[in-house]
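Work through the exercises below with the model open beside you. Try each task before you read its solution.

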Amino acid sequence: MCKGLAGVAALPATCLKSAKDMKHRLGFLLQKTEPCDQVSCSKKDKAAQSQKLSQEEVKKWSQGLENLITHESGLSAFKAFLQSEYSEENIEFWIACEDYKKIKSAAKLTSKARKIYDDFISVHATKEVNLDSYTREETSQNLLEPTTSCFDTAQHKIFILMEKDSYRRFLKSRFYLDLVLPTETRCGANQKKFKAYSLDHTQQIPQCA
């Protein structure tokens with residue numbers, strides 16, 4: 001996992017591949033990730049009527065982190081965003097806890113609980129999440145007699161952390177804005193930028209006598 005890197009421009013291409021691939025797969029849902037020009041913006045897309053993901057659904061993602069990550073496509077978009085920031089361990093831990101709570105077998109609870117702890121909570125974990133020492137110790141004690149609720153406190157702490165931090169950045173990112181903004185709005189904004197750019201550079205062209 002790539003962490004602590006200053007800027008995207010300086011990052012290895014392989015570090016961004018997974019997030020870019022996931023964002024590309026999300027694009028078809030609203031068919032908005034492709035750049036548009038004046039002609040394409042004026043065309044009516046017949047396939048839009050049968051889109052699997054509606055604008056209403058996407059807008060609900062901004063009403064709370066729970067709305068986002070309990071929606072299949074919303075979770076995929078959020079994961080892609082976190083991968084682009086190299087902080088996907090938080091959402092991976094949250095998902096692991098959700099899957100863990102669905103386990104029915106007591107034997108499987110023990111082995112799965114240990115794996116989650118080793119992967120995300122142990123100080124030697126490769127994908128260690130940011131938990132305070134009290135929560136870490138409480139979770140460690142819970143593993144002595146694993147139940148489906150033994151990670152509840154830790155999971156809630158990570159949910160709050162994502163809600164206050166990465167979720168807010170996600171709502172301002174292209175991973176969300178490319179899906180929620182109407183195509184016409186984005187095209188209009190691009191056209192305004194192009195027009196302003198053209199005017200600024202026209203003024204710099206020397207005039208011949």
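A salt bridge here is a side-chain nitrogen of Lys or Arg within 4 Å of a carboxyl oxygen of Asp or Glu. Keep in mind that this is a predicted model.

**Exercise 1. Find out how far apart in sequence the salt bridge between K157 and D132 reaches.**

Step 1. Check the distance. The side chains of K157 and D132 meet at 3.0 Å, N to O. The cut-off is 4 Å, so the pair counts as a salt bridge.

Step 2. Place the partners. K157 lies in helix α9, and D132 lies in the loop between α7 and α8, so the pair ties together parts that are 25 residues apart in sequence.

Step 3. Look at the surface. K157 has 35% relative accessibility and counts as partly exposed. D132, at 34%, is also partly exposed.

**Exercise 2. Locate the two partners of the salt bridge between K127 and E92, and say how exposed they are.**

Step 1. Take the distance. The closest N and O atoms of K127 and E92 are 3.3 Å apart.

Step 2. Place them. K127 sits in the loop between α7 and α8 (133-142), while E92 belongs to helix α6. The pair therefore ties together parts that are 35 residues apart in sequence.

Step 3. Read the accessibility. K127 is partly exposed, with a relative accessible area of 27%. E92 is partly exposed at 24%.

**Exercise 3. Trace the network that contains the salt bridge between R169 and D165.**

Step 1. Start from the pair. R169 and D165 form a salt bridge, with their closest N and O atoms 2.3 Å apart.

Step 2. Check both ends. R169 is partly exposed at 32% relative accessibility. D165 is partly exposed at 38%.

Step 3. Extend the pair. Salt bridges with shared partners join E85, D165 and R169 into one network.

Step 4. Note the total. The count of salt bridges comes to nine.

**Exercise 4. Describe the chain as a whole: its helices, strands and burial.**

Step 1. Count the elements. The chain has 12 helices and zero strands.

Step 2. Turn to burial. The chain has 209 residues, and 35% of them are buried.

Step 3. Add the surface. The accessible surface comes to about 13,400 Å². Carbon and sulfur atoms account for 54% of that surface.

Step 4. Look at contacts. Take those between residues at least 6 apart in sequence. Of these, 64% join residues at least 24 apart.

**Exercise 5. Which residues of the largest nonpolar core touch the most other members?**

Step 1. Take the core. The largest nonpolar core holds 40 residues.

Step 2. Pick out the residues. I69, F78, F93 and F151 touch the most other members.

Step 3. Find the contributors. Elements that give two or more residues to this core include α4 (65-69), α5 (72-84), α6 (89-100) and α7 (106-121). Helices α9 (152-164), α10 (166-171) and α11 (174-180) do so too.

Step 4. Zoom in on F78. Leave out residues up to four places away in sequence. F78 then touches L65, L68, I69, I91, M162, S166, Y167 and F170.

**Exercise 6. Compare the geometry of two aromatic pairs, F81 with F175 and F93 with F120.**

Step 1. Set the total. The count comes to eight aromatic pairs.

Step 2. Take F81 and F175. Their centres are 5.9 Å apart and their planes meet at 70°, an edge-to-face pair. F81 is in helix α5 and F175 in helix α11, 94 residues apart. Both F81 and F175 are buried.

Step 3. Take F93 and F120. This pair is tilted, with 5.6 Å centre to centre and 55° between the planes. F93 lies in helix α6 and F120 in helix α7, so the pair ties together parts that are 27 residues apart in sequence.

Step 4. Check burial. F93 is buried at 0% relative accessibility. F120 is buried at 5%.

Step 5. Widen the view. Ring pairs link W61, F78, F81, F170, F175 and Y176 into a cluster.

**Exercise 7. How many disulfides are there, and how far is the sulfur of C97 from that of C150?**

Step 1. Count. There are zero disulfides.

Step 2. Take the distance. The cysteine sulfur nearest to that of C97 belongs to C150, 8.2 Å away. The cut-off is 2.5 Å, so C97 and C150 do not form a disulfide.

Step 3. Check burial. C97 is buried, with a relative accessible area of 2%. C150 is buried at 3%.

Definitions and conventions
Residues are numbered from 1 along each chain as its sequence is written. This is a predicted model: local features need pLDDT of at least 70, side-chain atom pairs count only at pLDDT 80 or more; totals for chains, interfaces and linings use all residues. Side-chain values use heavy atoms; hydrogens and water are left out. A nonpolar core is a set of buried Ala, Val, Leu, Ile, Met, Phe, Trp, Tyr and Cys residues joined through side-chain atoms within 4.5 Å. Buried means under 20% relative accessible area, exposed over 50%, partly exposed in between (1.4 Å probe, protein chains only). Helices (H or I, at least four residues) and strands (E, at least two) are DSSP runs, numbered from the N terminus. Contact means heavy atoms within 4.5 Å. Accessible areas come from the Shrake-Rupley method with a 1.4 Å probe; for residues, only the protein chains shown count as cover. Rings of Phe, Tyr and Trp (its six-membered ring) pair if their centres lie within 6.5 Å; planes under 30 degrees apart count as stacked, over 60 as edge-to-face and the rest as tilted.
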